[in-house]
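Hi,

Here is the structure I said I would pass on. Have a look at it first, then read my notes below with the model open beside you.

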Amino acid sequence: MGTWEALAVFAAGIGAGTINTIVGSGTLITFPVLLAVGLPPITANVSNSLGLVPGSISGAIGYRRELAGQRRRLLRFGSTALIGGLAGAALLIALPSEAFDSIVPVLVGLAVVLVALQPWLSRAVQRHRERNGTGARHDGGPVLLGGLLLASAYGGYFGAAQGILYLSLMGLLLDEDLQRTNAVKNVLAALVNGVAALFFLFVADFDWIAVLLIAGGSALGGVLGATVGRRLPPTALRAVIVAVGLAAIVHLLLT
């Protein structure tokens with residue numbers, strides 16, 4: 001890897017760490033760059049997963065204020081994310097890379113629609129609860145856990161727009177502020193990336209130079225993303241999520 005290629009990978013890491021912390025979909029920045037510098041697809045995917053771990057951690061730390069009071073939720077969701085992430089990492093080794101190609105744009109598209117309609121959907125759900133005399137469940141119930149398990153498996157497998165899937169699920173099924181659910185999303189992403197990375201260390205090929213470059217860039221980007229993302233009002237944050245999600249769909253359909 002030449003000097004300019006290394007700089008491109010490092011810059012991609014910064015961009016991915018930033019956008020992952022605010023929304024998700026950072027893999028759509030780093031993965032094509034790794035392919036462009038000559039890494040085979042599976043090696044690029046594994047190297048990307050390893051490199052993004054520091055960015056996920058720094059982003060989660062940057063959102064630590066919004067995590068206050070969510071310890072029980074994090075333990076419940078986090079254990080689910082670990083199981084799903086490990087399963088997804090195993091699927092990456094076992095299945096052909098084309099296995100999820102057709103369904104991923106559909107998943108991301110559905111997530112974008114849910115995020116865009118979340119305020120309206122939340123009000124409709126609230127009216128339904130009032131009519132039936134029921135309240136919102138603190139943990140979202142088994143439906144949310146099942147959705148998070150599948151989203152985490154997808155995250156361990158590839159991960160592009162994983163954060164958007166998390167935000168759409170929690171936004172619909174939790175009565176919670178968007179910034180606080182974004183903080184939880186960052187922790188879940190860190191756990192999934194971490195368990196997938198640990199698995200890949202023992203069973204997959206990766207490029208250490210690419211890993212270190214993305215790791216350094218994503219750690220810096222995670223700090224930057226937390227600084228920017230925490231200052232965005234809910235409407236602006238939702239608009240960013242939708243815009244990034246639409247860009248991700250276009251990218252996935254064209255590649």
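The largest nonpolar core has 45 residues, and Phe-77, Tyr-166 and Met-170 have the most contacts inside it. The element that gives the most to this core is helix α9 (residues 178-203), with eight residues. A second core, of twelve residues, lies apart from that one; Ile-22, Val-242, Val-244 and Ile-249 are among its members. Keep in mind that this is a predicted model.

What does Met-170 touch, once residues up to four places away in sequence are not counted? Its partners are Phe-77, Leu-144, Leu-148, Thr-181, Val-184 and Lys-185.

Now the overall picture. The protein has eleven helices and zero strands, so if you go looking for a sheet, you can stop, because the elements run α-α-α-α-α-α-α-α-α-α-α from the N terminus on. There are 255 residues, and 51% of them count as buried. Take the contacts with a separation of 6 or more: residues 24 or more positions apart account for 83% of them.

Back to α9 for a moment, since two of its residues are worth clicking on. Asn-193 lies in this helix and is buried, with a relative accessible area of 10%. Not counting residues up to four places away in sequence, Asn-193 touches Ser-49, Leu-52, Val-53, Ser-56 and Gln-162. Val-195 is found in α9 too, and it counts as buried because its relative accessibility is 16%, under the 20% cut-off. Leaving aside neighbours within four places in sequence, Val-195 is in contact with Leu-82, Gly-85 and Leu-86. How far is the C-alpha atom of Val-195 from that of Gly-156, 39 residues away along the chain? The two are separated by 8.1 Å.

Gly-156 takes us to helix α7, which covers residues 141-157. Is this helix largely enclosed or largely open? Twelve of its 17 residues are buried, so α7 is largely enclosed by the rest of the structure. The buried residues include Leu-144 and Leu-148, both of which touch Met-170. Gly-141, Gly-147, Gly-155 and Gly-156 are also among the buried ones. You can check the length of α7 yourself: at 1.5 Å a residue, its 17 residues should span 24 Å, and the end C-alpha atoms are 25 Å apart, which agrees. After α7 comes Gly-159, with a positive phi near 100°.

Try the same check on helix α1 (residues 3-22). With 20 residues, α1 reaches 29 Å from its first C-alpha to its last, close to the 28 Å expected at 1.5 Å a residue. Its buried residues include Ala-6, Val-9, Ala-12, Gly-13 and Ala-16. Ile-22 is buried as well, and it is one of the residues in that core of twelve. Gly-24 follows α1, and its phi is positive, near 135°.

Which way does α1 pass helix α10 (residues 208-229), left-handed or right-handed? The crossing is right-handed. By class, the contact of α1 with α10 has twelve nonpolar, eleven polar and no charged residues. The two axes come within 6 Å and cross at roughly 35°.

Next along the chain, look at helix α2 (residues 27-36), where Thr-30 lies. The buried residues of α2 are Thr-27, Leu-28, Thr-30, Phe-31 and Leu-34. While you look at these numbers, remember that an α-helix has 3.6 residues a turn, so residues three or four places apart point the same way. Thr-30 has a relative accessibility of 1%, so it counts as buried. Apart from neighbours within four places in sequence, Thr-30 is in contact with Ala-12, Gly-13, Ala-16, Asn-48, Leu-52 and Ile-214. Ala-12, Gly-13 and Ala-16 are buried residues of α1, and Leu-52 is also touched by Asn-193. Just after α2, Gly-38 has a positive phi of about 110°.

One last pair to find. Pro-105 is in helix α6 (residues 104-132) and counts as buried, at 11% relative accessibility. Where does Gly-245 lie relative to Pro-105, in sequence and in space? They are 140 residues apart in sequence, yet 9.6 Å apart in space, C-alpha to C-alpha.

Have fun clicking around!

Methods
Residues are numbered from 1 along each chain as its sequence is written. This is a predicted model: local features need pLDDT of at least 70, side-chain atom pairs count only at pLDDT 80 or more; totals for chains, interfaces and linings use all residues. Side-chain values use heavy atoms; hydrogens and water are left out. Helices (H or I, at least four residues) and strands (E, at least two) are DSSP runs, numbered from the N terminus. The expected span of a helix is 1.5 Å times one less than its number of residues. Buried means under 20% relative accessible area, exposed over 50%, partly exposed in between (1.4 Å probe, protein chains only). Contact means heavy atoms within 4.5 Å. Axes are lines fitted to C-alpha atoms, for helices over the stretch in contact, and angles run from 0 to 180 degrees between N-to-C directions. A crossing is left-handed if the near helix is turned anticlockwise from the far one by less than a right angle, and right-handed if clockwise. Ala, Val, Leu, Ile, Met, Phe, Trp, Tyr, Cys and Pro count as nonpolar, Asp, Glu, Lys and Arg as charged, and the others, Gly among them, as polar. A nonpolar core is a set of buried Ala, Val, Leu, Ile, Met, Phe, Trp, Tyr and Cys residues joined through side-chain atoms within 4.5 Å.
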